[in-house]
Amino acid sequence: MSMTGPDIQNRIFAEIAELARAMGHGHRLMLLEHVAQGERSVERLAELAGLSLANASQHLQLLRRAGLVGTRRDGKRVLYRLADGPVAPLLAALRHLAEHNRADVRELVAGSRQAGVEAISREELLERMRENSVILLDVRPQEEFALGHLPGALNIPGRELERRLAELPAGQEIVAYCRGPYCVFSAEAVALLRANGFEARKLEAGFPDWKAAGLAVEAA
């Protein structure tokens with residue numbers, strides 16, 4: 001018996017609901033954000049997310065079954081990466097929706113951002129990069145920088161920036177970026193740079209959003 005229009009719609013929305021259920025846990029969303037930085041082992045992901053190895057593995061296996069992450073073996077290790085498809089844009093859309101609809105999320109986000117730290121849009125940054133009139137500063141840990149970064153970016157992790165300011169060239173604006181909109185490293189870097197006489201702004205989004213937009217990236 002052939003399926004009717006409503007039957008097809010019900011089947012499609014049931015599949016979408018299963019996907020939504022797979023994402024419906026804070027730990028799984030946090031793990032996806034970390035996987036979006038680049039391919040990582042389950043051990044490292046558990047450490048970054050503050051979870052036990054067993055708990056992280058359980059969440060990651062559920063995400064894999066839902067088609068949100070992929071895996072490969074490297075010797076005895078299992079490495080996780082974002083699955084093919086628009087997973088990163090979906091994460092960004094969820095963040096934007098939460099900030100739009102949830103007052104408590106807006107307050108938390110506002111509280112995590114440095115007051116007075118100006119941001120630069122992706123479009124303006126692309127123009128400045130074409131003009132070669134900006135220095136890109138990646139303030140994520142070196143491990144994440146090696147997995148992928150904006151073309152030509154310098155890597156000085158946020159915790160090392162104050163003692164390594166002399167490595168930065170003077171006379172050009174610096175744009176700092178990190179993991180994403182909830183990562184405070186770039187805002188703290190900009191505040192430190194400005195306090196030391198540099199012209200600096202932060203990128204509105206972070207590396208995963210840049211990569212998800214199909215823009216050029218480099219890897220060590």
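At what angle do the axes of helix α2 (residues 26-35) and helix α5 (residues 87-101) cross? The legends below address this point and others in a predicted model.

**Figure 1. Overview of the predicted model.** The secondary structure of the protein comprises 10 helices and eight strands. The C-alpha trace spans about 70 × 40 × 35 Å along its principal axes. Of the 220 residues of the protein, 39% count as buried. Among contacts with a separation of 6 or more, 62% are made by residues 24 or more positions apart.

**Figure 2. The crossing of helices α2 and α5.** The axes of α2 and α5 come within 11 Å and cross at roughly 130 degrees. This angle makes α2 oblique to α5. The crossing in which α2 passes α5 is left-handed. On the side of α2, the residues that meet α5 are Leu29, Leu32 and Glu33. Their counterparts in α5 are Leu91, Leu94 and Arg95.

**Figure 3. The open sheet of three strands and its packing against helix α2.** The strands of this open sheet follow the order β1-β3-β2, and their pairing is antiparallel. Strands β1 (40-41) and β2 (69-74) stand at the edges, each with a single partner strand, so one side of each is left without a neighbour in the sheet. Helix α2 packs on the sheet, where it touches β1, β2 and β3. The direction of α2 makes about 90 degrees with that of β3.

**Figure 4. The pairing of strands β1 and β3.** Two bridges join β1 to strand β3 (residues 77-82), and the two strands run antiparallel. Within this pair, Ser41 stands opposite Leu79 in β3. In general, strands of a sheet pair through backbone hydrogen bonds, in either a parallel or an antiparallel manner.

**Figure 5. The buried strand β7.** Five of the five residues of strand β7 (residues 173-177) are buried, so the strand is largely enclosed by the rest of the structure. The residues Glu173, Val175 and Tyr177 point one way from β7. Ile174 and Ala176 point the other way, and all of these residues are buried.

**Figure 6. Strand β7 and its parallel partners β5 and β8.** Strand β5 (residues 134-138) is joined to β7 by five bridges, and these two strands run parallel. The bridge partner of Asp138 in β7 is Tyr177. Three bridges join β7 to strand β8 (residues 200-203), again in a parallel arrangement. Between β7 and β8, Ala176 stands opposite Lys202. From β7 the chain passes through helix α9 (residues 185-195) to β8, and this β-α-β crossover is right-handed. A further bridge partner in β8 is Ala200, which is matched with Ile174.

**Figure 7. Strand β8 and its pairing with strand β4.** Strand β4 (residues 119-120) pairs with β8 in the parallel sense over two bridges. Lys202 in β8 is the bridge partner of Ala119. Lys202 also stands opposite Ala176, a residue of β7 that is buried.

Note on methods: Residues numbered from 1 in each chain as written. Predicted model: local features only at pLDDT ≥ 70, side-chain atom pairs only at ≥ 80, totals over all residues. Heavy atoms only, no water. Buried < 20%, exposed > 50% of the residue type's maximum accessible area, 1.4 Å probe, protein only. Helix = DSSP H or I, 4+ residues; strand = E, 2+ residues; numbered from the N terminus. Pairing = 2+ DSSP bridges. Right-handed = clockwise from strand over helix to strand, strands pointing away. Axes fitted to C-alpha atoms, helices over the stretch in contact; angles between N-to-C directions. Parallel < 35°, antiparallel > 145°, perpendicular 65-115°, else oblique. Left-handed = near helix turned anticlockwise from the far one by under 90°. Contact = heavy atoms within 4.5 Å.
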